[in-house]
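Here is a friendly walk through one structure, written for someone who likes to think in angles, distances and accessibilities. Have the viewer open as you read.

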Amino acid sequence: MSILTALDYASVLVFALTGALVASRAQLDIVGFAFLASLTAMGGGTVRDLLLDRNPVFWIADPTPLAIACAAAVLVFFTAHLLESRMAVITWLDALALPIAVAAGVRAASETGQSVPIILIMGIATGCFGGLLRDIVANEVPLLIRTGKLYVTAAFAGAAAYLVSGIFWPSDMLSLAACILVCFTLRAGSLLFGWQMPVYKPRPPRT
């Protein structure tokens with residue numbers, strides 16, 4: 001199993017759990033669970049592969065991610081009621097899935113010989129689009145745009161850490177580890193300690 005495949009499988013599993021938990025909050029049937037879990041799990045990777053012209057898309061070339069997502073949906077369908085706070089679990093599972101997906105994105109872009117800006121964009125897209133689609137379809141406020149919480153910034157920093165690490169250490173595994181560590185640390189720090197970037201504050205027009 002390649003590094004990229006392992007990263008894709010891991011991000012699919014964790015993102016699928018978040019999609020299924022969101023489906024439980026929306027009180028969908030089991031088919032709805034499978035749909036939302038699959039959309040969340042494979043949305044970012046699909047966007048990545050389409051933009052990079054990787055043919056076929058990863059879950060069409062190997063249907064295992066689809067099976068993983070559906071299995072996660074079934075699991076959550078029968079166990080979600082045991083959780084005290086599903087929103088808290090969704091938030092933290094999403095925070096875990098984000099850096100793994102970002103790492104998968106930068107790895108895929110690097111394998112196809114893309115330039116630095118494209119590697120950064122593919123890392124962000126792979127990490128963010130699945131959760132964004134999940135929240136839009138479920139009519140939730142996307143975690144990506146919630147005020148005061150680092151999300152896209154964490155994804156960008158993780159992708160940048162991958163590139164910077166590659167300059168100093170030739171090991172791709174170390175670069176991927178740096179990507180995951182930086183991205184998760186920033187996202188977790190924003191959730192636990194309120195870390196945030198300066199935000200735009202409107203000012204009254206001058207007269």
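A residue counts as buried under 20% relative accessible area, as exposed over 50%, and as partly exposed in between. Val116 has a relative accessibility of 47%, so it counts as partly exposed. Please keep in mind that the model is predicted.

**Val116 and a partner in space**

Val116 belongs to helix 6. How far apart are Val116 and Ala160 in sequence and in space? They are separated by 44 residues along the sequence, while their C-alpha atoms lie 9.0 Å from each other.

**Helix 1**

Helix 1 covers residues 3-25. With 23 residues at 1.5 Å a residue, helix 1 should span 33 Å, and the 34 Å between its end C-alpha atoms agrees with that. Is helix 1 largely enclosed or not enclosed by the rest of the structure? Of its 23 residues, 17 are buried, so helix 1 is largely enclosed by the rest of the structure. After helix 1 comes Gln27, which has a positive phi, near 55 degrees.

Ser11 is a good residue to zoom in on, and its place is in helix 1. Its relative accessible area is 5%, so Ser11 is buried. Which residues does Ser11 touch, leaving aside its neighbours within four places in sequence? Its contacts are Ala97, Ile100 and Ala101.

**Salt bridges**

How many salt bridges does the structure hold? There are 8. The table shows some of them, with the N to O distance for each pair.

| Pair | N to O distance |
|---|---|
| Arg48 and Asp8 | 3.1 Å |
| Arg134 and Asp94 | 3.0 Å |
| Asp135 and Arg134 | 2.9 Å |

Let us start with the salt bridge between Arg48 and Asp8. This pair links distant parts of the chain, with Arg48 in helix 2 (residues 30-51), Asp8 in helix 1, and the two positions 40 residues apart. Arg48 and Asp8 are both buried. They also take part in a network of salt bridges that includes Asp49 and Arg54.

Now for the salt bridge between Arg134 and Asp94. Here too distant parts of the chain are linked: Arg134 sits in helix 6 (residues 116-137) and Asp94 in helix 5 (residues 86-111), 40 residues apart. Arg134 has 0% relative accessibility and therefore counts as buried. Asp94 also counts as buried, because its relative accessibility is 0%. Arg134 forms a salt bridge with Asp135 as well, and Asp135 is buried, with a relative accessible area of 4%.

**Helix 5 against helix 8**

Two packed helices are described by the angle between their axes and the distance between the axes. For helix 5 and helix 8 (residues 172-193), the angle is about 150 degrees and the axes are 9 Å apart. Why do these helices count as roughly antiparallel? Angles over 145 degrees count as roughly antiparallel, and helix 5 and helix 8 are therefore roughly antiparallel to each other. Helix 5 passes helix 8 in a crossing that is right-handed.

Which residues meet where helix 5 and helix 8 come together? On the helix 5 side, they include Thr91, Trp92, Ala95, Leu96, Pro99 and Arg107. On the helix 8 side, among them are Asp172, Cys179, Cys183, Phe184, Arg187 and Leu192.

How values were computed
Residues are numbered from 1 along each chain as its sequence is written. This is a predicted model: local features need pLDDT of at least 70, side-chain atom pairs count only at pLDDT 80 or more; totals for chains, interfaces and linings use all residues. Side-chain values use heavy atoms; hydrogens and water are left out. Helices (H or I, at least four residues) and strands (E, at least two) are DSSP runs, numbered from the N terminus. The expected span of a helix is 1.5 Å times one less than its number of residues. Buried means under 20% relative accessible area, exposed over 50%, partly exposed in between (1.4 Å probe, protein chains only). A salt bridge is a side-chain nitrogen of Lys or Arg within 4 Å of a carboxyl oxygen of Asp or Glu. Axes are lines fitted to C-alpha atoms, for helices over the stretch in contact, and angles run from 0 to 180 degrees between N-to-C directions. Angles under 35 degrees count as roughly parallel, over 145 as roughly antiparallel, 65 to 115 as roughly perpendicular and the rest as oblique. A crossing is left-handed if the near helix is turned anticlockwise from the far one by less than a right angle, and right-handed if clockwise. Contact means heavy atoms within 4.5 Å.
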